[in-house]
Amino acid sequence: MKHRENVTGIAARAAVWSARHRTLAILGWIAFVVGITILSGQLGTREATAGDQGHGESGRADRIVEQAGFPVQPAGEMVIVQGARREAAVADVTRTLKARAEVADVSDPLVSPDGASTLIPFTVKGDPETAKDRVQPLLDAIAGVQGRHPGLYVAEAGDASGDKLIGDSLDEGLNRLSMLSIPITLGILLVAFGAVVAALLPVGLAVTAVVGAVGLLAGASRLVPAVDTTMHVMLLVGLAVGVDYCLFYIRRERDERRQGADPHRALVIAAQTSGRSIWVSGLTVIVAMAGMFLTYDATFQSFAVGTILVVATAVLGSLTVLPALLSALGDRVDAIKLPGLYRRRSEGRVWNAVLRVVLAKPLLSAVVAVAALATLAAPMLDLRTKGEGLGDLSPKAPIVQAFTRINAAFPSETSPAEVVVQATTVRGPEFEAALAGFKRAAQATGRLREPIDVRVNPAGTVAVVSVGLPGDGSDRTSEQALETLRATVAPQAFGKLPGATVAVTGETASSVDFNRRLDASLPWVFGFVLGLAFLLLLVSFRSVVVAATGVVLNLLSVAAAYGMLVYVFQYGHFESLLDFRAAGGITNWMPLFLFIILFGLSMDYHVFVLSRIREGHDRGLSTRDAVARGIGGTAGVITSAAVVMVAVFALFATLPLISTKELGVGLAAAVLLDATIIRAVLLPAVMALLGEKNWWLPRWLGWLPQVAHEPPPVAAAGVGEERELVPAA
């Protein structure tokens, strides 16, 4: 390919270079993905520890325990027996467990306060991290006890069985997701392009981008430790943006060829327009993801690193190897056409009809769209959050049912608080006196419960005192008891020991501290993401109004997604369809995470559509005509991109955890709204109402760089003449 004209911009320069050195670009991309994957396998990924993930007082307590050298605690399990005349069954359970080689210790049976339940705690031998692999024979043995006592309820739950349930359910769900996501995406692209080769390119690049980014995560985890769910989030985001970026690029290149541009000119135009949109969109998504660093939370920071890596890798591939492949294939991109699906034009007829109505009645259309979004967002005003637990799994699972019964009959056994006492010594009469005082004070509150157990590290400098909390561990009753423990009981009992540091941890304490950390970081995260997104749009489109409109429209789609989450998961609609049980709240990390992900992904469409509108305006069209041309010309590709995202995200709603269901439903609903009500109705209506005011820029901002949205027109025979593309021989 000869470089026949000057090009400007990173995307266009990268495309021209890749097209001229396409073998090097293609082999370089393959070498990068394969090499980084091999290197990451040798390096390994550093996992975040409990100490990395803690916040506030509970985080300090966890770090003290982590560094105190406690012997590894074996995984704890519990068997609950309910029903009248259950003594024989309790004895059968105890005898059965003691006979098993996998069991380390069986505790004495405990009777619930109402006398209706008996609990037999025991521990599993070996490493607690791998106990889930050894617990199935014990579950089978307890099922045998249940079979011998059909009139009673006998079931097991605990650390190992819970980990097994979550692991097995997630593995099954993720395997299903992996098997379905790529074929579904490919099927949608086959419909969108009507040609096999064109459909395969976006899928191939997206998959290799995810693989490459996962490899880079191993190195990045040395600076920011990774949590185990990061790769799942990377798959979700990477597949969505990788396919969309390629879809935008290929569609524009194909459209230019159909209008008569030669291969070089078509590629340059695609790079200068769609490539530039990819660059700006990717940068905006990365900025949004970087907002998660301001939470100072290990999980969010791991998500930030993972999503930034996968988006950056997808952008890199779209701007380098994709132009090289398009240059190498030429018109063979449209090879293996599918009868009835291959179309010469990509405009969406339905959306063009809607657009004509919107532009004819912009004020009415804007009012109707805002009213619809406000209705969907209204439940957001009642949004409440909750921590994650085993109850977030399917209520049909036997282990979940057992855990629910244990939690109701023995709440202090399932979610106790742990008072961590670090002192010069936690042995001897002084500590024993403090412990006795703690027990008396705990009983006097009426909020803290037995049993109160103590374990001491080998050095005798750290003691962990566990005490039961009422409630279910996440309700107001549990939180009030925790406040009493932290404010008065624990510090007054142990604070006078020589060199004492007293801190309270446990599931309830960790959840409370996590929520406080999120509440403190919310203004900073929102301000960072919204502010930098506004600045990026301002610089890209040289318009204060366009930048402000983009931010407001994205906030509307996020608010509508929040409202739908509350309606479904907090109020409990569609429980049987989605296989969950409403717990009166949304998973505590979900609102912030959804805001960041949705705001970033929404920019895909927004930047792409605005670029086409600004392109028409720069050619001399009126704002209304530019809107009609820009949105009408992108309707088909926006619909295809949205369908891909919705399909991928909806698959996450089939995973077993409520949090993954919330993530899938929230993202799918928001993208659907964003591509329909926001982009097809509200955006053109608002821009039509504002007219030339859309492009207002104060004089004092005149120093902002002028960014070309299309290469200068080139006179060429046949340009503008639409034609059928025939694959080259």
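**Entry: strands and bridges**

I start with a term I need here: two strands count as paired if DSSP finds at least two bridges between them. A reminder to myself is that I am reading a predicted model.

With that settled, I looked up strand β7 (residues 417–422) and found six bridges joining it to strand β9 (residues 462–468). The two strands run antiparallel. I picked one bridge to follow: Ala-417 has Val-467 in β9 as its partner.

Next I wanted the whole sheet. In what order do the strands of the open sheet lie? I read off β8-β9-β7-β10, four strands with antiparallel pairing. On the edges I find β8 (449–456) and β10 (501–505), each of them paired on one side only. From one strand to the next, the twist averages 20°.

I then checked what lies over this sheet. Helix α18 (residues 476–494) lies across β7, β9 and β10. I noted its direction as well: α18 runs at about 155° to β10.

**Entry: strand β1**

I moved to strand β1 (residues 75–82) and asked how many of its residues are buried. The count is seven of eight, so I wrote down "mostly covered", given that buried means under 20% relative accessible area.

β1 has two antiparallel partners in my notes. With strand β4 (residues 117–124) I count eight bridges, and with strand β5 (residues 153–158) six. To fix the register I kept one pair from each: Gly-76 stands opposite Thr-123 in β4, and Met-78 stands opposite Ala-157 in β5.

**Entry: the nonpolar cores**

Here I looked up the largest nonpolar core, which has 153 residues. Tyr-249, Phe-569, Phe-593, Ile-613 and Phe-649 make the most contacts inside it. Which helix gives the most to this core? My answer is α24 (residues 658–690), with 18 residues.

There is another core apart from this one, with 38 residues. Val-79, Val-81, Val-135 and Ala-160 are among them. As background for both cores, I jotted down that nonpolar side chains tend to be buried together in soluble globular proteins.

I then clicked on Phe-649 and left out residues up to four places away in sequence. Phe-649 touches Leu-236, Ala-240, Leu-601, Gly-664, Leu-667, Ala-668 and Val-671.

**Entry: Thr-660**

Staying with helix α24, I picked Thr-660, which lies in it. Is Thr-660 buried or exposed? I call Thr-660 buried, because its relative accessibility is 13% and the cut-off is under 20%. Beyond residues up to four places away in sequence, Thr-660 touches Phe-652, Ala-653 and Leu-655.

**Entry: α14 against α20**

I looked at how helix α14 (residues 362–377) packs on helix α20 (residues 544–570). The axes are 7 Å apart, and the angle is about 40°. That angle makes α14 oblique to α20, because it falls outside the ranges for roughly parallel (under 35 degrees), roughly perpendicular (65 to 115) and roughly antiparallel (over 145).

For the contact itself, I listed Leu-373, Leu-376 and Ala-377 on the α14 side. On the α20 side they meet Leu-556, Ala-559, Ala-560, Gly-563 and Met-564. I sorted the residues of this contact by type and got seven nonpolar, one polar and no charged.

**Entry: two positive phi values**

I wanted residues with a backbone worth a second look. Most residues other than glycine have a negative phi. Arg-542 has a positive one, near 50°, and Phe-574 has a positive one, near 65°.

Where do these two sit? I found Arg-542 in the loop between α19 (507–541) and α20, and Phe-574 in the loop between α20 and α21 (575–578). I marked Arg-542 as buried because its relative accessible area is 13%. Phe-574 counts as partly exposed, since its relative accessibility is 48%.

I also took one distance from Arg-542. Val-350 is 192 residues away in sequence, and the two C-alpha atoms are 31 Å apart.

**Entry: Ile-308**

My last stop was Ile-308 in helix α11 (residues 298–319). Ile-308 is buried, because its relative accessible area is 18%. Which residues does Ile-308 contact, leaving aside neighbours within four places in sequence? I noted Ile-286, Met-289, Ala-290 and Phe-293. For one of them, Met-289, I have a distance too: 19 residues apart from Ile-308 in sequence, and 6.4 Å from C-alpha to C-alpha.

Note on methods: Residues are numbered from 1 along each chain as its sequence is written. This is a predicted model: local features need pLDDT of at least 70, side-chain atom pairs count only at pLDDT 80 or more; totals for chains, interfaces and linings use all residues. Side-chain values use heavy atoms; hydrogens and water are left out. A nonpolar core is a set of buried Ala, Val, Leu, Ile, Met, Phe, Trp, Tyr and Cys residues joined through side-chain atoms within 4.5 Å. Buried means under 20% relative accessible area, exposed over 50%, partly exposed in between (1.4 Å probe, protein chains only). Contact means heavy atoms within 4.5 Å. Axes are lines fitted to C-alpha atoms, for helices over the stretch in contact, and angles run from 0 to 180 degrees between N-to-C directions. Ala, Val, Leu, Ile, Met, Phe, Trp, Tyr, Cys and Pro count as nonpolar, Asp, Glu, Lys and Arg as charged, and the others, Gly among them, as polar.
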